[in-house]
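Here is a short report for a first look. Start with the overall form, then turn to the core.

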Amino acid sequence: MTVVEQLIELQEVDGRIRELEHELKDLPRRKALEMARLSGVSADLAAAKVNLQQISDKIASFQADADALAAKVQDLKIKQASLTSNKEYLQFSTQIDFVSHDLETTELNKMTVEDSKPSAEARIKDAQEKYDALKGGVDAVCAELDERLALVKEELDAAMAERAEKAAAVTDARSRLYYERLRTKRWPVVVPLTHTGVCDGCHLVQPPSVSQLVDANAKNAELGRPQAVVACTMCGRMLYRG
Ligand SMILES: [Zn+2]
């Protein structure tokens, strides 16, 4: 196997590693997006629940007021029964009428608020149904993403082990070092020099000397002689005859 072939094998594994690493970063982002879809309907449901609680609180408050007013009426009536003066009796009657009117108003207010309760309850039911329906879908997608994440981690571990083997199999230390240094800046690192003398990485036409070096390298590889690094004059990628 020529040095270029060894490098291309290494590059193939590195290509898979790059994709897996990209996916590894992307999966949590996709999961967060799924969860965010749920937050809108979750907020609607919470708001509907708060609304119903406010209605219930208002009803309870009107009820407490009504109870107090009813007790007051009762109290006034008891006191009135023991009165002897006609003038005082009439004064009490006026007061009883006044408090009774307050009681009536309070009860009417309570009924008005009670009337809004069914629609508030329906709103909760509706929001709950929407939440449940969406949650089912979101949970399923998140479970799939988690599964994929576990698989990607496994695949990445295997690819890293494979990479170590392929890297060790590159027989020319200088070529290997060159490849390792360039791969963080350029991708792919090893590219063909086309028949028209163009670097397949950056598409720059190479001077004839580069073509000659590439051909000499191929010849040396054939003869089992040491092979040199032939780099693109523009991007530095490692060239071979394609
Ligand atoms: Zn180039």
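Among contacts between residues at least 6 apart in sequence, what share joins residues at least 24 apart? In this predicted model, the share is 74%.

**Overall form**

The protein has five helices and two strands. From the N terminus on, the order is α-α-α-α-β-α-β. The radius of gyration is 42 Å, whereas a compact globule of 242 residues would have one near 18 Å. Along the principal axes, the C-alpha atoms fill a box of roughly 135 × 35 × 25 Å. Buried residues make up 12% of the 242 residues.

**The largest nonpolar core**

This core holds 17 residues. Leu 7, Val 190, Met 238, Leu 239 and Tyr 240 touch the most other members. Three elements each supply at least two residues of the core:

| Element | Residue range |
|---|---|
| α1 | residues 3–81 |
| β1 | residues 190–193 |
| β2 | residues 238–241 |

Which element gives the most to this core? That is α1, with four residues. The core also draws on two domains: at least three residues come from domain 1 (3–168), and at least three from domain 2 (173–241).

**A look at Val 190**

Which residues does Val 190 touch, leaving out those up to four places away in sequence? They are Val 4, Leu 7, Ile 8, Gln 11, Met 238 and Tyr 240. Among these partners, Leu 7, Met 238 and Tyr 240 also belong to the core residues that touch the most other members.

How values were computed. Residues are numbered from 1 along each chain as its sequence is written. This is a predicted model: local features need pLDDT of at least 70, side-chain atom pairs count only at pLDDT 80 or more; totals for chains, interfaces and linings use all residues. A nonpolar core is a set of buried Ala, Val, Leu, Ile, Met, Phe, Trp, Tyr and Cys residues joined through C-beta atoms within 7 Å. A residue is buried if 20 or more other C-beta atoms lie within 10 Å of its own, exposed if 12 or fewer, and partly exposed in between; C-beta atoms are placed from the backbone. Domain bounds come from an automatic or database domain assignment. Two residues are in contact if their C-beta atoms, placed from the backbone, lie within 7 Å. The radius of gyration is taken over C-alpha atoms; the globule rule is 2.2 Å times the number of residues to the power 0.38.
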